[in-house]
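Open the model in a viewer and keep the selection panel at hand. The stops below follow one another, each with something to select and something to look at.

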Amino acid sequence: MNNNDKTKELLTRGVDEIISLEDLEKKIKNGDKLRIKLGIDPTSPNIHLGRSIPLLKLRDFQLLGHKIVLIIGDFTGLIGDTSDKESERPMLSEETVKENLKTYIDQASKIIDMKEAEIHYNSKWLGELGYKEIGKQADVFSINDFISRDNIAKRLSEGKRVSLREVMYPLMQGYDSVVINADVEIGGTDQRFNILAGRDLQRLYGQEPQNIVMNPLIEGLDGRKMSSSYGNTINLFDTPNDMFGKLMTVADELIIKYFTMLTRVDLETIEGYKKDLADGTNPRDIKINLGRELVRMYHGEEEAESAVAYFVNTFTKKEIPTDVPEFKPASGDYNISSVLIESELVSSKGEVRRLLEQGGIKIDGEVISDASHTISAGPSGVILQKGKIHFLRII
RNA sequence: GCGCAGAUGGCGGAGUGGUCAAUCGCAUCUGACUGUAAAUCAGACGCCUUCGGGCUACGUAGGUUCAAAUCCUACUCUGCGCACCA
């Protein structure tokens, strides 16, 4: 690929909108080394595939020689951004944020080269601002702007609470851009308002406003936008089998979108897949490629192959997996209900009863429906199965 | 601060003295089917149970009643309105 093509892909792949495209193109063409900002709030311990989209874009920039500036929102995380939320987001405790922080860098470093990146914690500067300065910044914005945002307007009209603290969020995110002197900020379309605020603040402080590269949001497992609060995410640190399995349940219509935005498989190959799908290739086969590629990206080649094998064996061939965690009841009680509860496979006796009635419990492949059944684990143990995916070797 | 309305299960939201462990939707779990851990369909879905029932729950604390999610009182929280100078 020549430089022109690279730039073109940089500015279109997994990109929803760029403000301002013209200016950014000019700077790239000039060969400017740009400072590319991405803010991540440690609001959940996991980075999910939706959040990998901006990270991948960041890497695209990095590979072209630009400087990545990662802002860890240890301060903004406390306040809580509501721009992608339908309800008020609670303020997190410092402990939670710290907890989440630990794994963040690890996860992000799966995608970008951390050694080449700048990392900042915004508590460093946000914690020191006083009312005077905040007042000056706040004067740039109006409440009118804020409450005309869709989700805020919606909450207001529904009589839900909107706290004043939420209004502060865009100021903080915007000020980050000022402090690190960002040329470009990356973020999802849900971040539009916040990132635009950065431009206004940069002007206030006499800087040239940053350009904005917005990525589309991606659908999660249930077809709604991927978000931790919906519990429909695929996480970077999901186990290979989990990640692969989740990807296999993704709606067929999303295959190409996932390939385009979540991987860097070259666009020609993806075009090929698109054609295959149109020509009637079983979507499953393309999806297996998708799963393999994503597991490879985050867990490596070997894990990817074994995840494929696991899935085919367990779900297509309905075999019992070879690698099953072992469990030996410490109480010595091998009654079926007791084992299920002690192993935490099931959380209450009522649920055990239900599962037994509905045929959801199997031992070595045989449905067990008797609550008084005692498991007799031979020398090699027996396989206790709950539903389709939970296996335990009882020894 | 004053007035009005509200607070129900993981979420949304019915219920307004006994038949309410609480309609329904979402989420979840199981089964059937399937290329799939999807979709669809069916069932389940507080905890314990010797399957008779017992226990804990409808913002918090008291009270009335044979009996309260439902009535009363206080408190906490949320929304809406008022907060003028007479």
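Select S20 in the loop between β1 (17-19) and α2 (21-30). This is a predicted model. The peptide bond from I19 to S20 is cis, and its omega is near -15 degrees. For background, most peptide bonds are trans, and most residues other than glycine have a negative phi.

Go next to N181, in the loop between α10 (164-180) and β5 (184-188). N181 is not a glycine, yet its phi is positive, near 55 degrees.

Now colour chain A by domain. The assignment gives domain 1 as 3-217, domain 2 as 240-316 and domain 3 as 326-394. Put a marker at the C-alpha centre of domain 1 and another at that of domain 3: the two are 48 Å apart.

**The helix pair**

Select residues 283-299 for helix α15 and residues 301-316 for helix α16. Packed helices are described by an angle and a distance between their axes. Here the axes come within 7 Å and cross at roughly 145 degrees. The crossing of α15 past α16 is right-handed. To see the contact, show I288, G291, R292, V295, R296 and H299 from α15, and E301, E303, A304, A307 and V308 from α16. Sorted by class, this contact has five nonpolar, two polar and four charged residues.

**The sheet**

Which strand order does the open sheet of five strands have? Reading across, the order is β7-β11-β10-β8-β9, with mixed pairing. The edge strands, each pairing on one side only, are β7 (326-327) and β9 (366-367). Strands in a sheet pair through backbone hydrogen bonds, in a parallel or an antiparallel sense.

Walk across the sheet from the β7 edge:

- β7 and β11 are parallel and share two bridges. Select F327 to find I394 of β11 opposite.
- β11 (residues 390-394) and β10 run antiparallel, joined by five bridges. Among the pairs here, K386 is opposite H390 in β11, and Q385 has F391 of β11 as its bridge partner.
- β10 (residues 382-386) and β8 (residues 361-363) pair in the antiparallel sense over three bridges. K362 stands opposite Q385 of β10.
- β8 and β9 are antiparallel, with two bridges between them. The bridge partner of I363 in β9 is E366.

Stay with β10 and β11 for one further step. They form a hairpin with three residues between the strands, and G387 in that hairpin has a positive phi near 65 degrees.

**The surface near the RNA**

Finally, show RNA strand B and select the 31 residues around it. Which of them come nearest? They are R161, G245, T249, G360 and G387. The elements that contribute two or more residues to this surface are α12 (240-248), α15, α16 and α18 (349-358). Highlight α18 before leaving: with six residues, α18 supplies the largest share. By class, the surface near RNA strand B has six nonpolar, 13 polar and 12 charged residues.

Two earlier selections return at this last stop. G387, the hairpin glycine with positive phi, is among the residues nearest to RNA strand B. The helices α15 and α16, which cross at roughly 145 degrees, are among the elements that give two or more residues to the surface near the RNA.

Conventions
Residues numbered from 1 in each chain as written. Chains lettered and ligands numbered in written order. Predicted model: local features only at pLDDT ≥ 70, side-chain atom pairs only at ≥ 80, totals over all residues. Axes fitted to C-alpha atoms, helices over the stretch in contact; angles between N-to-C directions. Helix = DSSP H or I, 4+ residues; strand = E, 2+ residues; numbered from the N terminus. Left-handed = near helix turned anticlockwise from the far one by under 90°. Contact = placed C-beta atoms within 7 Å. Nonpolar A, V, L, I, M, F, W, Y, C, P; charged D, E, K, R; others polar. Domains from an automatic or database assignment. Pairing = 2+ DSSP bridges. Near = placed C-beta within 6 Å.
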